[in-house]
Amino acid sequence: MSGQIGGLSLAEARAQLQPWTTLAPAIGADEYQQRIARARALMREQGVDALLVGAGTSLRYFTGVPWGATERLVAMLLTAQGEPQLICPVFEEGSLDAVLKVPVAKRLWEEHQDPYALVVQAMAAQGATKLALDPGIAFGVHTGLRAHLDAAAIVDASAIIDGCRMCKSAAELALMQQACDMTLQVHRLAAGIAHAGIGTDELVRFIDQAHRALGADNGSTFCIVQFGHATAFPHGIPGVQHLQEGQLVLIDTGCTVQGYHSDITRTWIFGTPSDAQRRIWDLEQAAQAAAFAAVRPGVSCESVDAAARAVLEAAGLGPDYRLPGLPHRTGHGCGLSIHEAPYVVRGNATLLQPGMCCSNEPMIVVPGEFGVRLEDHFYVTERGAQWFTPPSPAIDRPFA
């Protein structure tokens, strides 16, 4: 084994976990205003005069409110003019004031009142008649609005929300870079403490603790650790596995920094790889490199997916989603949501633009035996693609 895998005690690994010192700055007030202005411009293009954004990542994007959705409506109504309006329960006003990053007018409702009536009243006050609805909002919100609006007055806001969120600013890229750098360091230490007999549960606990120690928002946002035959399942299988010589190790994990995600997968060998393991690992590396090389402004998302699949099909894998081969899309967008537009998949004709961020993870699955996934993220520049993290160089040397 290389010096990157094993040989590190838990105490030695923990000694390397210090709070991150190179901190990306928070999103500034001017940027929040630019986001609102951009949304209004897209509203005009779409022919709508109101936008309703529910609690979740899009509400955080526009207002800074880091809340998840519940049965109580908390939402931003944006119309063509005036301040954004926040519809929220009366008793939540103070909590919202503590996290809001933009000035808002408020429409407050008591527990027995109908918040959807407030939305429609606020629209009427601004002369708005056509509402674009956040695609991430619960269907119950649509049902509530339909008690006051005709179905034809409610349309999908995907083009507006994705049109704002898909292309990241320099400040967003910096937050994602910090999250990726932190997760890559956690990966290095996790590989370092690997030893025969270690359980997947022990590695999951260490990875979460390591993310917390470095200063991630809330430890690991997710963590998949699989050994041996379990690596053939893209998102793992239940139960604890214990590491044995000659097994592949797949670790997929990430964290958030001020809400912005990392998502990195490494697959490496514990011991000496078989010829079959090495061949599939090398093909995975080549497919990932082909997808990266295909990225440039004006290229479609589906063509990047096709570039990765061409490498695999030339080697006799697939075709399409058949196994052995690649059972899913090549990648997904990432930002305030771990999976968001644009998706690197067949049928997505979206053209890449500078600032778009995507995963590159054309996993290979050999059913009943093993799987290999290498996942790094890139962002689109004027000239092509730029990695957030350097890809793995070899099956027994997972880190550059």
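## Pockets, sheets and local backbone features of a predicted model

By class, the lining of the largest pocket comprises seven nonpolar, seven polar and four charged residues. The structure described here is a predicted model, and its largest pocket encloses about 280 Å³ of space. The lining of this pocket counts 18 residues, and those nearest its centre are Thr57, Ser58, Ile161, Arg165 and Ser337. At least two residues of the lining come from each of α3 (57-63), α7 (158-165) and β13.

The second largest pocket has a volume of about 240 Å³. It is lined by 17 residues, of which His235, Arg329, His332, His339 and Glu361 lie closest to its centre. Two elements, β7 and β12, give two or more residues to the lining of the second largest pocket. By class, this lining divides into four nonpolar, seven polar and six charged residues.

Besides these open spaces there is one cavity of 30 Å³ or more, with a volume of about 40 Å³. The residues that line the largest cavity are Arg309, Leu312, Glu313, Leu317, Gly318, Asp320, Gly325 and Leu326; by class they are three nonpolar, two polar and three charged. The volumes and lining classes are set out below.

| Space | Volume | Lining by class |
|---|---|---|
| Largest pocket | about 280 Å³ | seven nonpolar, seven polar, four charged |
| Second largest pocket | about 240 Å³ | four nonpolar, seven polar, six charged |
| Largest cavity | about 40 Å³ | three nonpolar, two polar, three charged |

Two of the residues that line the cavity also take part in backbone features of the segment that follows α11. Gly318, which belongs to the cavity lining, is joined to Pro319 by a cis peptide bond with omega near 0°, and Pro319 itself lies in the loop between α11 (301-314) and β12 (331-333). Asp320, another residue of the cavity lining, is likewise found in the loop between α11 and β12, where it has a positive phi of about 55° although it is not a glycine. With a relative accessibility of 31%, Asp320 counts as partly exposed, because that class covers values from 20% to 50%.

A positive phi also occurs at Gln258, a residue other than glycine, where the angle is near 50°. Gln258 is placed in the loop between β9 (256-257) and β10 (260-261), and its relative accessible area of 30% makes it partly exposed. A cis peptide bond is also found from Ala341 to Pro342, with omega near 5°; Pro342 lies in strand β13 (residues 340-344), and β13 is one of the elements that supply at least two residues to the lining of the largest pocket.

Turning to the sheets, six strands form an open sheet of mixed pairing in the order β4-β3-β2-β1-β5-β6. Its edge strands, each of which pairs on one side only, are β4 (105-109) and β6 (154-156), and the twist averages 25° from one strand to the next. Helix α5 (residues 115-125) packs on this sheet and touches β1 (50-54), β2, β3, β4 and β5 (131-133), while its direction makes about 150° with that of β4. Within the sheet, strand β2 (residues 75-79) and strand β3 (residues 85-89) run antiparallel and are joined by three bridges, with Met76 standing opposite Leu86 in β3.

Another open sheet is formed by three strands in the order β7-β8-β11, with antiparallel pairing. Its edges are β7 (222-227) and β11 (264-270), each of which pairs on one side only, and the twist averages 10° from one strand to the next. Helix α9 packs on the sheet by touching β7 and β8, and its direction makes about 150° with that of β7. Six bridges in the antiparallel sense pair β7 with strand β8 (residues 247-254), and Gln226 stands opposite Leu250 in β8.

The residue Thr200 lies in helix α9 (residues 200-214). Leaving aside neighbours within four places in sequence, Thr200 is in contact with Val225, Gln226, Phe227, Gly239, Val240 and Gln241, so that Gln226, the residue opposite Leu250 in β8, is among its partners. Is Thr200 buried or exposed? Its relative accessible area is 5%, and Thr200 therefore counts as buried, since the class takes in values under 20%.

Conventions
Residues are numbered from 1 along each chain as its sequence is written. This is a predicted model: local features need pLDDT of at least 70, side-chain atom pairs count only at pLDDT 80 or more; totals for chains, interfaces and linings use all residues. Side-chain values use heavy atoms; hydrogens and water are left out. On a 1 Å grid over the protein atoms alone, a cavity is a set of points where a 1.4 Å probe fits but cannot get out, and a pocket is an open set with protein on both sides within 12 Å along at least five of seven lines; lining residues have an atom within 4 Å of a point. Grid points are joined across faces, edges and corners, and a volume is the space filled by probe spheres set on the points. Ala, Val, Leu, Ile, Met, Phe, Trp, Tyr, Cys and Pro count as nonpolar, Asp, Glu, Lys and Arg as charged, and the others, Gly among them, as polar. Helices (H or I, at least four residues) and strands (E, at least two) are DSSP runs, numbered from the N terminus. Buried means under 20% relative accessible area, exposed over 50%, partly exposed in between (1.4 Å probe, protein chains only). Contact means heavy atoms within 4.5 Å. Two strands pair if DSSP finds at least two bridges between them. Axes are lines fitted to C-alpha atoms, for helices over the stretch in contact, and angles run from 0 to 180 degrees between N-to-C directions.
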